Structures are given as C-alpha cells and as structure tokens.
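Hi,

Here is the structure I promised to pass on. Have a look at it first, then read my notes below.

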Amino acid sequence: MIRETYFSALSNRDIVPGGNAKVFAVVSDLPEWTEELVDRNIPALAPPEDLLEARSRIEDAAKQNDEDDPEAVAWRSVDFEERYRAHVTSGGRHQVLDSLAETVEQRTVWLVSWRARASLDHRSIALEELQRRADLGPCPPRDHEWGRGVVPTVVVCQRCGYGSTSLSTGQLAQENLKPYLGGDGQ
C-alpha cells in the first residue's frame, strides 16, 4: 500500500504510520528536525529547482493579485503536473521508482513532502507513478470501499488504500463518497 502525507501532519501526529511502514521524504533538502519523522529522504524524486522557483514566483504574484487560490493558479500556470511527471520518469529516477515499487510489495510506503494539499503537490504524482510500477493500481472509480481514514476529513478506500486526497476529481466518484462526507448517499 502506498500512502502520502506532509511534514506538518507527521510532526503534529495527525498521521502516525504503522510500525512496519517505511516513510520516505521526497524533497530536495531535509532539515534536521524532520529526520526523526522519516526513514530516509529521496531527493531524486523532488521537483527540479527551476520548476519550484517558477511555481513560487507565480504563487507570490497570484497572492499579490488577491487570486482566490494562488496555489492552484501557480500549479496550472507552470504546467507543474506535466513537467514534474516528465522529470520523475526520466533519467535514473525511473529506476528509483522501480526500486521503491519492490518495497511497496512488502510493506506500506508513505511519501512525504511540504505542502498540505496533495492535489497540488508533486508527491501525488510520485505516488501515481509508484502505484503504476507496483502494479497495485487503484480500484476502478466506482469500486472503492470508502471508510474513514486516520484524519477525520480524509476518506480511505479499504481495498486499495487510496485516500480522498490522493485521487483526482475524475477518479473520486464523488457519489460514492457522499455518505462519508456528510451527503445523503443517493
């Protein structure tokens, strides 16, 4: 099973990976205070610096322009998903993903980065690529068995382990989530 989270959730103990789980940071630099939270950092899976800088510049400009969602504006403006996916699947990084896929077959693996919103963070793309290699793909969209996750606002499929924050809107099959998110379930 592959899961994802961010450093703040780990440090506040909102997320507590099981004892057999491996927790891997996927960031360029790992501050000393985070070392006790992860088993190891895999900087090869971090976004390239030029992509991070471009996103940061646009996000700052969007904040100054009072945009409703500066993170999303920046994500779309720099084609973050496309550029990061090309980066993480090229060079020797695909071998890193292949190696991690072997670990996934033996135990739960957590990918950790800085941003709270997985849908606007590179770890969600790394998770998808890792999921693909581990051949543990998510359930078909309407076949998830949703249940409450560790965090009250997260719903997790009891079959494949995907969380509501791990799936894109198209894969979520929102109607299946209504009973868990306060809807009527019809």
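Let's start with the packing of α2 against α4: the two helices meet at an angle of about 170 degrees, and their axes are 11 Å apart. That angle is over 145 degrees, so α2 counts as roughly antiparallel to α4. On the α2 side the contacts come from Asp50, Leu51, Leu52 and Arg55, and these meet Phe80, Arg83 and Tyr84 of α4. Bear in mind that this is a predicted model. Helix α2 is where the confidence is highest, at 97.

Next, the sheet. It is open, has 4 strands in the order β1-β4-β2-β3, and its pairing is parallel. The edges are β1 (2-6) and β3 (40-41), each of which pairs on one side only. Between β1 and β4 there are 5 bridges, in the parallel sense. One pairing you can look up directly is tyrosine 6, whose bridge partner in β4 is serine 113. Helix α6 (residues 122-134) packs on this sheet and touches both β1 and β4, with its direction at about 170 degrees to that of β1.

Which residue would I click on in β4? Try leucine 111, which sits in that strand (residues 109-113). Its relative accessibility is 1%, and since anything under 20% counts as buried, leucine 111 is buried. Glutamate 4 is 107 residues away from leucine 111 in sequence, yet their C-alpha atoms are 4.7 Å apart in space. Setting aside neighbours within four places in sequence, leucine 111 is in contact with Arg3, Glu4, Thr5, Phe24, Val26, Arg123, Ala126, Leu127 and Leu130.

Now for two backbone oddities, both aspartates:

- Aspartate 66 has a positive phi of about 55 degrees, although it is not a glycine. You will find aspartate 66 in the loop between α2 (49-64) and α3 (70-77). Aspartate 66 is exposed, with a relative accessible area of 63%.
- Aspartate 79 also isn't a glycine, and its phi is positive too, near 50 degrees. This residue is in the loop between α3 and α4 (80-88). Aspartate 79 counts as partly exposed, at 44% relative accessibility.

While you are in that region, have a look at serine 77, which lies in helix α3. A polar atom of the serine 77 side chain lies 2.7 Å from the backbone oxygen of valine 73. Is serine 77 buried or partly exposed? Its relative accessibility is 44%, so serine 77 counts as partly exposed. As for its surroundings, alanine 54 is 23 residues from serine 77 in sequence and 9.1 Å away in space, C-alpha to C-alpha.

Finally, how far does the confidence go? The protein averages a pLDDT of 83, and 76% of the residues score at least 70. Confidence is lowest in helix α7 (residues 169-172), with a mean of 40. Over residues 167-186 the pLDDT stays under 50, and for that stretch the model has 29 contacts beyond four places in sequence.

Cheers

Notes
Residues numbered from 1 in each chain as written. Predicted model: local features only at pLDDT ≥ 70, side-chain atom pairs only at ≥ 80, totals over all residues. Heavy atoms only, no water. Buried < 20%, exposed > 50% of the residue type's maximum accessible area, 1.4 Å probe, protein only. Contact = heavy atoms within 4.5 Å. Pairing = 2+ DSSP bridges. Axes fitted to C-alpha atoms, helices over the stretch in contact; angles between N-to-C directions. pLDDT = per-residue confidence, 0-100. Polar contact = N/O pair within 3.5 Å; in protein donor to acceptor, adjacent residues only side chain to side chain. Parallel < 35°, antiparallel > 145°, perpendicular 65-115°, else oblique.
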